[in-house]
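Let's take a friendly walk through this structure together. Have the sequence and the 3D view open as you read.

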Amino acid sequence: MVDKVEHSYLDTRGLSLHIAHVGKGELGAVLFIHGFPEIWYSWRHQMNAVAKAGFKAIAPDLHSYGLSTQPSEPEKTTREDLVADLLAILNFLSISKVFIVAKNFGARTAYDFALQHPNRVHGVVTLGMPFVSSQGMSYNTLPEGFYILRWREPGRAEADFGRFDVKRLIRTIYILFSRCEIPITEEGQEIMDLADPSTPLPRWFTEEDLNAYVAPYEKSGFHFPLQMPYRGTGIADPKIEVPVLLIMGEKDYAFKFLGMENYVRSGTLKHFVPDLEIKHIPEGSHFVQEQFPDQVNQLVITFLKNHI
């Protein structure tokens, strides 16, 4: 559990953003950006570690997630809105320059922010998600049952999720997406059918952890959060000019996306991210920061201290 975490709320552009933060920040600040279906709590291990190392840890619930409110017209939300939210958080907390640690679709937001506001960023750490340009890898060569293609269909994921209660959904996602196989359905299946509900949770994700997600999602539902990560366009082609650390779990199913492993290992990524360091965690899954927190914390803190 996270100790001595403070909770603040920022009103910006008609939204109330929930922000968890801990640490005095003698060495600087670290902004953590979650993915789907996570909330600030998914960074609990990292927040304590970087705070103990001398940094201020800041972990918002992105809008529509957790304790943050939902926009009146979520279908009009763009990636620019997410970047604007991060900028508002830094200004609210009077932070001039920050490290960003992100995963899943949150990594895309981190890269966007670094591209648009490099003067506000010391460096970026992403977990399981390299920078991908709009001309990069395509999901369209994967089968029709591939989960991202399914969830991009308006109403498809909402109908799939709508069959179950929140606790069953979060449990299923953590079981299904901690595997090394890409979630792909057969004819007549939906994504949430792929995991047997009797399967135990991963040993590193407890019932207490599961319950931390239930109340926020019972409040927000999944309709609006599902619209953000899976229905967007690719990033354009400029270079990331700040230092970047990419942490890849080698058992992360995303590593098996067509061309992903070669893209990461071949050096192609350096074209887009010249100041790049890559670290591999051999048994790491898609939730590597919760699965192997000590390893991830050590890599993150070393990167932070090398780029203060």
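The sections below go through the sheet, the helices, the aromatic rings and two backbone details.

## The sheet

Please keep in mind that this is a predicted model. A good place to begin is the open sheet, which is built from 8 strands with mixed pairing. If you trace across it, the order of the strands is β1-β2-β4-β3-β5-β6-β7-β8. At the edges you will find β1 (6-12) and β8 (276-281), each of which pairs on one side only. On average, neighbouring strands of this sheet are turned by 20 degrees against each other, with direction ignored.

As general background, the strands of a sheet pair through backbone hydrogen bonds, either parallel or antiparallel. For a parallel example, look at β5 (residues 98-103) and β6 (residues 121-127), which pair over 6 bridges. Within that pairing, Phe99 has Gly123 of β6 as its bridge partner.

## Helices lying across the strands

Which strands does α1 lie across? They are β2 (15-22), β3 (28-33) and β4 (55-60), and α1 runs at about 155 degrees to β4.

Helix α3 (residues 105-116) can be viewed in a similar way: it lies across β3, β5, β6 and β7 (244-249). Its direction is at about 150 degrees to β5.

## Where helices meet helices

Helix α1 (residues 44-52) also meets helix α11 (residues 293-306), their axes coming within 10 Å and crossing at roughly 45 degrees. Because of that angle, α1 counts as oblique to α11. The crossing is right-handed. On the α1 side, the contact is made by His45, Gln46, Ala49 and Val50, while α11 brings Pro293, Val296, Asn297, Val300, Ile301 and Leu304. Sorted by class, the contact of α1 with α11 has 7 nonpolar residues, 3 polar ones and no charged ones.

Next, follow α3 to helix α2 (residues 79-92): the two axes come within 9 Å and cross at roughly 70 degrees. This angle is why α2 is described as roughly perpendicular to α3. From α2, the contact uses Arg79, Glu80, Leu82, Val83, Leu86, Leu87 and Leu90, and from α3 it uses Phe105, Arg108, Thr109, Asp112, Phe113 and Gln116. By class, the contact of α2 with α3 has 7 nonpolar, 2 polar and 4 charged residues.

A further pair is helix α6 (residues 166-177) and helix α7 (residues 207-220), with axes that come within 9 Å and cross at roughly 130 degrees. That angle makes α6 oblique to α7, and the crossing of α6 and α7 is right-handed. In α6, Val166, Lys167, Ile170, Arg171 and Tyr174 meet Glu207, Leu210, Asn211, Tyr213, Val214, Tyr217 and Glu218 of α7. The contact of α6 with α7 divides into 7 nonpolar, 1 polar and 4 charged residues.

## Aromatic rings

How many aromatic pairs does the structure hold? There are 30 of them. Ring pairs also tie a set of residues into a cluster: Phe36, Tyr65, Phe105, Phe146, Tyr147, Trp151, Phe161, Phe177, Tyr217, Phe222, Tyr253 and Phe257.

Some of these names have already come up above. Phe105 is among the α3 residues in the contact with α2, and Tyr217 is among the α7 residues that meet α6.

## Two backbone details

In general, most residues other than glycine have a negative phi, and most peptide bonds are trans. Keep that in mind for two spots in the loops. The peptide bond joining Phe36 and Pro37 is cis, with an omega of about 5 degrees. Pro37 sits in the loop between β3 and α1, and Phe36 belongs to the aromatic cluster.

The second spot is Ser94, in the loop between α2 and β5. Although Ser94 is not a glycine, its phi is positive, at about 55 degrees.

Notes: Residues are numbered from 1 along each chain as its sequence is written. This is a predicted model: local features need pLDDT of at least 70, side-chain atom pairs count only at pLDDT 80 or more; totals for chains, interfaces and linings use all residues. Side-chain values use heavy atoms; hydrogens and water are left out. Rings of Phe, Tyr and Trp (its six-membered ring) pair if their centres lie within 6.5 Å; planes under 30 degrees apart count as stacked, over 60 as edge-to-face and the rest as tilted. Axes are lines fitted to C-alpha atoms, for helices over the stretch in contact, and angles run from 0 to 180 degrees between N-to-C directions. Helices (H or I, at least four residues) and strands (E, at least two) are DSSP runs, numbered from the N terminus. Angles under 35 degrees count as roughly parallel, over 145 as roughly antiparallel, 65 to 115 as roughly perpendicular and the rest as oblique. A crossing is left-handed if the near helix is turned anticlockwise from the far one by less than a right angle, and right-handed if clockwise. Contact means heavy atoms within 4.5 Å. Ala, Val, Leu, Ile, Met, Phe, Trp, Tyr, Cys and Pro count as nonpolar, Asp, Glu, Lys and Arg as charged, and the others, Gly among them, as polar. Two strands pair if DSSP finds at least two bridges between them.
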